[in-house]
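Please look through the model shown here with an eye to its surface, its helix packing and its backbone angles. The paragraphs that follow take these topics in turn.

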Amino acid sequence: MERIPTGLELTTDELLSMREIVARSFTPANQVGVKTRRRLMELGLVHNALGGLMATPAGRIVARL
């Protein structure tokens, strides 16, 4: 990742998923669509941990903008 993406670069589903993940701190992976989950992981905004998703520091920044 060269830079942190902005919220404007995410789809509505991606941005809502990011906000939900940040708000909960941990979200079961099956609660986020496969396509959305893959894209957020590619962007470095979330990572897979213990069968769920957790926001990275960059993900927390994007979710709060």
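Does isoleucine 4 count as buried, partly exposed or exposed, and what is its relative accessibility? In this predicted model, isoleucine 4 counts as partly exposed, because its relative accessibility is 37% and the partly exposed class runs between 20% and 50%. Isoleucine 4 belongs to the segment that comes before α1, and together with Ile61 and Leu65 it makes a nonpolar surface patch of about 280 Å².

From the patch we can turn to the packing of the helices. Helix α3, which covers residues 57–64, packs with α1 at an angle of about 115°, and the axes of the two helices are 9 Å apart. That angle makes α1 roughly perpendicular to α3, a description that applies to angles from 65 to 115 degrees. The crossing of α1 and α3 is, in addition, left-handed.

The backbone deserves a careful look as well. Most residues other than glycine have a negative phi. Serine 25, although it is not a glycine, has a positive phi of about 75°, and it is found in the loop that links α1 (12–24) and β1 (27–28). With a relative accessible area of 48%, serine 25 is partly exposed, since the exposed class requires over 50%.

Leucine 50 is likewise not a glycine, and its phi is positive at about 55°. This leucine 50 sits in the loop between β2 (46–49) and β3 (52–55), where its relative accessibility of 84% means that it counts as exposed.

Terms used:
Residues numbered from 1 in each chain as written. Predicted model: local features only at pLDDT ≥ 70, side-chain atom pairs only at ≥ 80, totals over all residues. Heavy atoms only, no water. Helix = DSSP H or I, 4+ residues; strand = E, 2+ residues; numbered from the N terminus. Buried < 20%, exposed > 50% of the residue type's maximum accessible area, 1.4 Å probe, protein only. Patch = residues over 30% accessible without salt bridge, like charges linked within 9 Å, V, L, I, M, F, W, Y side chains within 5 Å. Areas by Shrake-Rupley, 256 points an atom, 1.4 Å probe, with all protein chains shown as cover. Salt bridge = Lys/Arg side-chain N within 4 Å of Asp/Glu carboxyl O. Axes fitted to C-alpha atoms, helices over the stretch in contact; angles between N-to-C directions. Parallel < 35°, antiparallel > 145°, perpendicular 65-115°, else oblique. Left-handed = near helix turned anticlockwise from the far one by under 90°.
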